[in-house]
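Trainee: I've got a model open and want to talk through some of its side chains. Can we go over it together?

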Amino acid sequence: MADAILLDAVRRAERGQIDADLGGGVIKQRVARPGQGRSSGCRTLLLYRSRSRAIFAFGFAKSRKADLEPDELEA
């Protein structure tokens, strides 16, 4: 994923546009794939602290996987 696409996900989070708050500073954000929108793009998990830190921990294509399994969230 291009840096500009990931930066857009962080900027949306800074504006309060978070796709899912998983608790403990972990959020899920949708990101666009080139030539496509966010809804058909990828999902990312970020370790996020507002105005301080954003670390992209995991990403997956929605076309390959609809969501994470409970055991994957625990890991």
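Trainee: Which helix holds both Asp8 and Arg12?

Mentor: Quick background: this is a predicted model, where local features need pLDDT of at least 70, side-chain atom pairs count only at pLDDT 80 or more, and totals for chains, interfaces and linings use all residues. Residues are numbered from 1 along each chain as its sequence is written, and side-chain values use heavy atoms, with hydrogens and water left out. Helices (H or I, at least four residues) and strands (E, at least two) are DSSP runs, numbered from the N terminus. Asp8 and Arg12 sit 4 residues apart, about one turn, and both belong to helix 1 (residues 3–14).

Trainee: How far apart are the closest N and O atoms of Asp8 and Arg12?

Mentor: Those two form a salt bridge, meaning a side-chain nitrogen of Lys or Arg within 4 Å of a carboxyl oxygen of Asp or Glu. The structure holds 4 of them. For Asp8 and Arg12, the closest N and O atoms are separated by 3.3 Å.

Trainee: Is Arg12 buried or exposed?

Mentor: Buried is under 20% relative accessible area, exposed is over 50%, and partly exposed is in between (1.4 Å probe, protein chains only). Its partner Asp8 is partly exposed at 33%. Arg12 has a relative accessible area of 4%, so call Arg12 buried.

Trainee: Which parts of the chain does the Asp19 and Arg30 pair tie together?

Mentor: Asp19 has a salt bridge with Arg30, closest N and O atoms 3.4 Å apart. The two are 11 residues apart in sequence, so the pair links the loop between helix 1 and strand 1 (20–23), home of Asp19, to Arg30's strand 2.

Trainee: Which residues do salt bridges with shared partners join into one network?

Mentor: Asp19 also meets Arg12 in a salt bridge, 4.0 Å from N to O. Asp19 is partly exposed, at 32% relative accessibility. Put the shared partners together and the one network is Asp8, Arg12, Asp19 and Arg30.

Trainee: What is the distance from the backbone nitrogen of Asp19 to a polar atom of the Gln29 side chain?

Mentor: Gln29 is in strand 2 (residues 26–31) and counts as buried at 0% relative accessibility. Leaving aside neighbours within four places in sequence, Gln29 has contacts (heavy atoms within 4.5 Å) with residues including Arg12, Asp19 and Cys42. From the backbone nitrogen of Asp19 to that polar side-chain atom of Gln29 is 2.8 Å.

Terms used
Polar contact = N/O pair within 3.5 Å; in protein donor to acceptor, adjacent residues only side chain to side chain.
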